[in-house]
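Me: Before setting anything up on this complex, I would like to go through its geometry in questions and answers, and I would ask that each reply end on the value or name I am after.

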Amino acid sequence: MESPEPRQAATDLRAAHDDRGLHALRRAAQGRPVVGYIGCDTPVELIAAAGALPVRLAGRAGRDTTLARTYLDGCVDPQAVNILAAILTPQEHDAVPDQTPAPDQTPAPDLIVITHDCDASLQLFYTLRELRRIGAQTFPPVHFVDLLYLPGEPTRRHNLGRIRRFADQLAAWRGRAIDAAELAEAVADHDAARAARTELRRRRRAGALSGSEALRWYAAGTAMPAREYADTLTAALAGDTARPAGRAVFVSGSSHDTADVYDALEGDGWLVVGEDHDWGDGGDQPPIGEPTLEALTDHYTRAVLPTVARPPHRMADAIRDAVGGSGAHYVLTYCRQYDDAHRWGYPAQAAAAGVPAALLRDQPYAGIDLPDLSSQLLSQEARMAR
Amino acid sequence: MSDRTLSRPRLGAAGDALRHQREWFATLRGQAAQGRPFALVNADVPQELLRAMDVPYVVNQWWSSIISAKRMSGRYLEALRERGLPDDVEQYSALPLAEALSPRGDDAPWGGLPLPSVVIADCSGDSLRRMFQLWESELGVAFLPLESAAAEIVPANWWELMRHDWETAIGSPRIDLLQLELQGLVPRLEQLTGARFSPERLARIMALSNEQAEWNRRTRDLLASAPRCPVPVNDVIPAVMIPQWHRGTPWATAAAESLYREVSSLVAEGRAVVPRERRRLMWIGRGLWFDMDFYRSFEQSHGAVFVWSMYLALAADAYARYGDDPLRALAARFCAFRDQMYTPPWSVEWYTKEARTHRVDGVVHLISPDSRASWFTTHALRKAGIPVLEIRADNADGRSLDPAALHDQVARWIESLPDHT
């Protein structure tokens, strides 16, 4: 594919973020399957090697979640509830209003894959499994990949078994085993995407991008074919970019699968210079390299740690390093309602940050309490200055 | 209604268990003061491994129930808040940590929990692992985590399969994982405690604990089939659960047998908690530790008796695992334990089965903040024609509920149920 010129590439990335069905629709029009996945640790290489486009399912502000909340009640991250709403009502198109394609043209995924990256994902899987069993709703087939994260050998062996099973399931689904050449191509494509993402992070740290634009560019990579994303992102990064001035803040805590919160922050005079959640900088991964199931297992067991699987002391060290590396003057630990695990590590993170730190808890999906943030950070800054 | 029935002394098995537990805890405190290592473990950690090493252990949730019953939860949770830690997340698991981080006072329940030598918990949910790591980072207590694996496909009728065909019920990968983890845990515990693991002892412990489960199954079946409920649920809970925390000992097995024999004779005598039993109720959810009298508060006014809590039913169905390899059987006992209570289809099909066999007229469904899949439980019961009242509160945190308001709410709901008289 010929690389687009930088401005067009940036436009393409933004379009892929704003309309996550855009590339899925193109694939579907070619008669090729689309797999919707949930979990930052999904072995997307296997999905791509099986000939499908992996698209990470995301929430959308304003989506009607009434039905989903009925089933996935209790303390479950509203991001997962929002995704369940999309699965249960696929006719509702996720594109920005007044843009094409028309609502009924977005394809539902041919298959849904969910991993055990956090409790909300697990509960979402259980909900879908039970809804299907009792015949309450219809939706595409769902596979669950139980990847776990303790550092010991038992976990790695368990994960190898789960990845082998997933490869077998994909083979059964499409009617043919994944061969070595297909896996090699998929690994190479996704490693190219990883390398481009790493460059994006470097450019962002060098002061070339706003946080909301960086997040859009990252997110685009989870809705586009990997090689096309690598080329497009590389092209976009070749252009001249600039970021606005703002109070530099590092964002920790809940993940952000849309740019709504970042837009709100940056509209309020903040500048998001880094984050540790897996939709942003925290999704950085080293290359897999070797195209084998064993290498995939090592990668998804050791190199891709979902946020909640990262030990607090490691998170605190990472915050200290990230504040230094990103030039952040503030740290925000943002916790969506019911996504409380981050709160257990907050005191250690705040102590390690060395800059004013704030905790926002019980935040709504895609929303943020900006007055509370300003109040916490600026008053703390004044105290530290005294 | 007979005053004799209502004022009857506490079930002998419950009184014996409570006495034993106090004595055992006092001994443990004394041994800990002398420097003997002990462990604090979550309820669904394979405690039999520690017993096979002769390492004493305290069950985290049991100790939470003691803190809660002594109405100390609010004060201890305050210690978490003062440190910037959550006081409103997984309180049932967090209370012992909160106590350990609180200033020591003379009024600590049962003299207070000494600082353990090691804590063990599985990584279910997102918070537990981080919470337990605080034992290590804040208090210097070693934390040994275990995975919490999940299955993609399970057969619904686990209670029929679990005793002998647990490989089919659970699936081998989850059992493989925990078995490997337990094999790795042994040398680590030996290093931390100086104790030694005995496979022969584990085999005996598994045999005794299976025998204990069989007694509990007989007791559960007896209570289900008895014409009227002969024992109050708040007596059954300690009579079952305290021996449960001593699972695999001769005392615990004898206690389970003693409970069966006592209940059996009460049924034979025709005893009833409520002589004119008008409504039979089921309590789904954890025990309301800070207000255990709640369970008996509708007997005189409404002729309503709680005939079921999950504690005896789990003791009857969820623990027995037979097999030639004790360590693998132990792994099978715990690698899917929570699913039996909380994960559909297992949870909903089991609750519905239990509601039917106990002939309940209605279910009070306590939905704790960390409860999962509660909609499916309520849906399945209502579909089976069983009325359900949902209550949302944390069972261990007395701040989360107004007892008087709860009583009024349940009373009004009971009045809406069919009356057998």
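Me: What radius of gyration does chain B have, set against that of a compact globule with 421 residues?
Reply: This is a predicted model, and the values discussed here are computed from it. For 421 residues a compact globule would have a radius of gyration near 22 Å, and the value for chain B agrees with that expectation. The C-alpha trace of chain B spans about 65 × 50 × 40 Å along its principal axes. The radius of gyration of chain B is 21 Å.

Me: How many of the 421 residues of chain B, as a percentage, count as buried?
Reply: Chain B contains 20 helices and eight strands. Among its contacts with a separation of 6 or more, 78% join residues 24 or more positions apart. The share of the 421 residues that count as buried is 54%.

Me: And what radius of gyration does chain A have?
Reply: Chain A contains 15 helices and eight strands, and its C-alpha trace spans about 70 × 50 × 50 Å along the principal axes. Buried residues make up 56% of its 386 residues, while residues 24 or more positions apart account for 73% of its contacts with a separation of 6 or more. A compact globule with 386 residues would have a radius of gyration near 21 Å, and chain A agrees with this at 20 Å.

Me: Which helix supplies the largest share of the side of chain B that touches chain A?
Reply: In the interface, 35 residues of chain B are in contact with 35 residues of chain A. On the side of chain B that touches chain A, at least two residues each come from α7 (127-139), α10 (172-193) and α19 (374-383) of chain B. The largest share, six residues, is that of α7(B).

Me: By class, how many residues on the side of chain B that touches chain A are nonpolar?
Reply: The 35 residues of chain B that are in contact with chain A can be divided by class. Nine of them are polar and eight are charged, and the number of nonpolar residues is 18.

Me: Is S209(B) buried or exposed?
Reply: S209(B) belongs to helix α11 of chain B, which covers residues 199-225. With neighbours within four places in sequence left aside, its contacts are E48(B), R247(B), G248(B) and Y319(B). T253(B) is 44 residues away from S209(B) in sequence, yet their C-alpha atoms are 6.9 Å apart. Because 27 other C-beta atoms lie within 10 Å of it, S209(B) is buried.

Me: Why is helix α14 of chain A largely enclosed by the rest of the structure, and what helps to cover its buried residues?
Reply: Six of the eight residues of α14(A), which runs over 346-353, are buried, so the helix is largely enclosed by the rest of the structure. The buried ones are Y346(A), A348(A), Q349(A), A350(A), A352(A) and A353(A). The helix is followed by G354(A), whose phi is positive, near 75 degrees. What covers the buried residues includes, from chain A, β5, α13 (312-326), β7 and β8.

Me: Which strands stand at the edges of the open sheet of four strands in chain A?
Reply: The order in this sheet is β6-β5-β7-β8, with parallel pairing, and the twist averages 30 degrees from one strand to the next. Within the sheet, β5 (247-253) and β7 (330-336) pair in the parallel sense over five bridges, and V251(A) stands opposite L332(A). Two strands have a single partner each, so one side of each is left without a neighbour in the sheet; these are β6 (270-275) and β8 (357-363) of chain A.

Me: In chain B, which residue of β6(B) is the bridge partner of M282(B)?
Reply: Chain B has an open sheet of four strands in the order β6-β5-β7-β8, with parallel pairing, whose edge strands, pairing on one side only, are β6 (304-308) and β8 (388-392). The twist in this sheet averages 30 degrees from one strand to the next. Strand β5 (279-284) of chain B runs parallel to β6(B) and is joined to it by four bridges. The bridge partner of M282(B) in β6(B) is W308(B).

Note on methods:
Residues are numbered from 1 along each chain as its sequence is written. Chains are lettered from A and ligands numbered from 1 in the order in which they are written. This is a predicted model: local features need pLDDT of at least 70, side-chain atom pairs count only at pLDDT 80 or more; totals for chains, interfaces and linings use all residues. A residue is buried if 20 or more other C-beta atoms lie within 10 Å of its own, exposed if 12 or fewer, and partly exposed in between; C-beta atoms are placed from the backbone. Two residues are in contact if their C-beta atoms, placed from the backbone, lie within 7 Å. Ala, Val, Leu, Ile, Met, Phe, Trp, Tyr, Cys and Pro count as nonpolar, Asp, Glu, Lys and Arg as charged, and the others, Gly among them, as polar. Two strands pair if DSSP finds at least two bridges between them. Axes are lines fitted to C-alpha atoms, for helices over the stretch in contact, and angles run from 0 to 180 degrees between N-to-C directions. The radius of gyration is taken over C-alpha atoms; the globule rule is 2.2 Å times the number of residues to the power 0.38.
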